[in-house]
Amino acid sequence: MNDSLLHAAPEIRKLRQSDMPAVTQHLLRLDRRTRRSRFGAFVNDDFIKTYAKGVIDVDSLVYGAFIDGRLRAIGELRGLLHTWPHDAELALS
């Protein structure tokens, strides 16, 4: 890991629709093993591009950690429609 990343204080904030390009690029940077871990299956770039379009939704909380202006981590808490907050799914990348 780059030493500058170890010492930079991340900006952590709720993601907005305007962050969608950064979300897409973040998910596309995940390697094959990390994609499998994150999505529970091996997924291709087309899947990720489609998935990223729906990340920010009515029943979700999505936060990102930015270092030097680049999205480096995403935490998603997504409700299962009409059950929020009783059931939810958490995903990290």
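**Group meeting: a helix pair and a sheet**

Helix α2 passes helix α4 in a right-handed crossing. Keep in mind that this is a predicted model.

Let me stay with that helix pair. α2 covers residues 20-29, and α4 covers residues 45-53. Their axes come within 9 Å. They cross at roughly 150 degrees. Angles over 145 count as roughly antiparallel. So that is what we call α2 and α4: roughly antiparallel to each other.

Which residues meet? From α2, we have Met20, Val23, Thr24, Leu27 and Leu28. From α4, they meet Asp45, Ile48, Lys49, Tyr51 and Ala52. By class, the contact of α2 with α4 has 7 nonpolar residues, 1 polar and 2 charged.

Now the sheet. It is open, with 4 strands. The order is β1-β2-β3-β4, and the pairing is antiparallel. Which strands stand at the edges? Those are β1, residues 11-14, and β4, residues 88-92. Each has a single partner strand, so one side of each is left without a neighbour in the sheet. How are neighbouring strands turned against each other? On average by 15 degrees, direction ignored.

Last, look at one strand pair. β3 spans residues 70-79. It runs antiparallel to β4, and 5 bridges join the two. Here is a pair you can find on the structure above: leucine 77 has leucine 90, in β4, as its bridge partner.

To recap: α2 and α4 cross right-handed, and the sheet runs β1-β2-β3-β4 with antiparallel pairing.

Methods:
Residues are numbered from 1 along each chain as its sequence is written. This is a predicted model: local features need pLDDT of at least 70, side-chain atom pairs count only at pLDDT 80 or more; totals for chains, interfaces and linings use all residues. Side-chain values use heavy atoms; hydrogens and water are left out. Axes are lines fitted to C-alpha atoms, for helices over the stretch in contact, and angles run from 0 to 180 degrees between N-to-C directions. Angles under 35 degrees count as roughly parallel, over 145 as roughly antiparallel, 65 to 115 as roughly perpendicular and the rest as oblique. A crossing is left-handed if the near helix is turned anticlockwise from the far one by less than a right angle, and right-handed if clockwise. Contact means heavy atoms within 4.5 Å. Ala, Val, Leu, Ile, Met, Phe, Trp, Tyr, Cys and Pro count as nonpolar, Asp, Glu, Lys and Arg as charged, and the others, Gly among them, as polar. Two strands pair if DSSP finds at least two bridges between them.
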